[in-house]
Amino acid sequence: SYSTEVILSEIGVEQRRALRTQPRRSFEAGFARHDANRSRLQNFFVGVGKNQCLVPLWHEQYALPATLGQTLVFPADSVAKREFRSGGLCIAIGKNPSVYEVLRINEVDYDTDTISFVNPPASVWGVGDRLIPLRVARVLDVPSLANPTDRVGLVSIRFTIDDSELAPFTPSWGYCSPLFRFSINRGTDVK
C-alpha cells in the first residue's frame, strides 16, 4: 500500500503528493498450535505487542540441495527472484522448528547466483533443511487466539514489513499484471 496526501488549492484543484516512495507490504498468516506450542505462541504475542520483531518470509523459503557452508549457490537466475539481500538476515531451520540458526548475509551476487554469509553456520544444515529470509515487521492487529479445545489454539495474524526496500519493488513477473495478459479495452465486453 502506498501513502499519499491530497492537497486542495483555493480554486479546488487537487494535487496528490507521495508520502512514501516505496509501498508498505503486509501479509497474513494463519497458525494452528497444539499443547506447549499454543502457549509459546500466546506468550510471543504478549511479549512482542506492537514492537518490532523478525518475521520469516515463509513464501520465500529455499530447500537446501547440499550442506550449507560459507556460501550457497542457487539455480541459475533464481537469486534475483528471491528476497535475500546483502546485509540482511535469514534463518536456517530443519524439521524441528525449535532448532534454528539466524545467519547474517554478507553479499548476494546476482551474476553468479550465490549468497555468502558473514560467518559460517555454527550448526550443520543439510539436504532438505530450509533457508528463509527474515524481515523486521510488527503485528498489525491484536491477535485473538481461538481455542476449539483446551489443547489447540487457532489464530490469524497480519504483519506489516517495516524494512524499507533498497530498490523499487519489482515483482518477478515484471511491470505487467500477472492476471491480465492483454491490454484492457473498456469499450469491449469482457466475457
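In this predicted model, helix α1 buries Arg-38, Leu-41, Phe-45 and Val-48. These four residues sit on the same side of α1, because they cover an arc of only 115° around the axis. The other side of the helix carries exposed residues, namely Ala-36, Asn-43, Val-46 and Gly-47. Among the elements that cover the buried residues of α1 are β3, β4, β10 and β11.

The length of the helix can be checked against its residue count: at 1.5 Å a residue, the 14 residues of α1 should span 20 Å, and the end C-alpha atoms lie 21 Å apart, so the two values agree. After α1 comes Gly-49, which has a positive phi, near 60°.

The helix also contributes to the largest pocket, which holds about 1,000 Å³ of space. Its lining comprises 23 residues, and those nearest the centre of the pocket are Arg-33, Pro-56, Trp-58, Pro-97 and Tyr-100. Two or more lining residues come from each of β3 (26-34), α1 (35-48), β4 (53-56), β7 (89-93), β8 (100-109), β10 (130-139) and β11 (152-161), and α1 supplies the largest share of the lining, with five residues.

The lining of the largest pocket divides by class as follows.

| Class of lining residue | Number in the largest pocket |
|---|---|
| Nonpolar | 18 residues |
| Polar | two residues |
| Charged | three residues |

Which elements both cover the buried residues of α1 and give two or more residues to the lining of the largest pocket? Among them are β3, β4, β10 and β11, which appear in both roles.

Note on methods: Residues numbered from 1 in each chain as written. Predicted model: local features only at pLDDT ≥ 70, side-chain atom pairs only at ≥ 80, totals over all residues. Heavy atoms only, no water. 1 Å grid on protein atoms, 1.4 Å probe; cavity = no way out; pocket = protein on both sides within 12 Å on 5 of 7 lines; lining within 4 Å. Points joined across faces, edges and corners; volume = space filled by probe spheres on them. Nonpolar A, V, L, I, M, F, W, Y, C, P; charged D, E, K, R; others polar. Expected span 1.5 Å × (residues − 1). Buried < 20%, exposed > 50% of the residue type's maximum accessible area, 1.4 Å probe, protein only. Arc of directions from axis to C-beta. Contact = heavy atoms within 4.5 Å.
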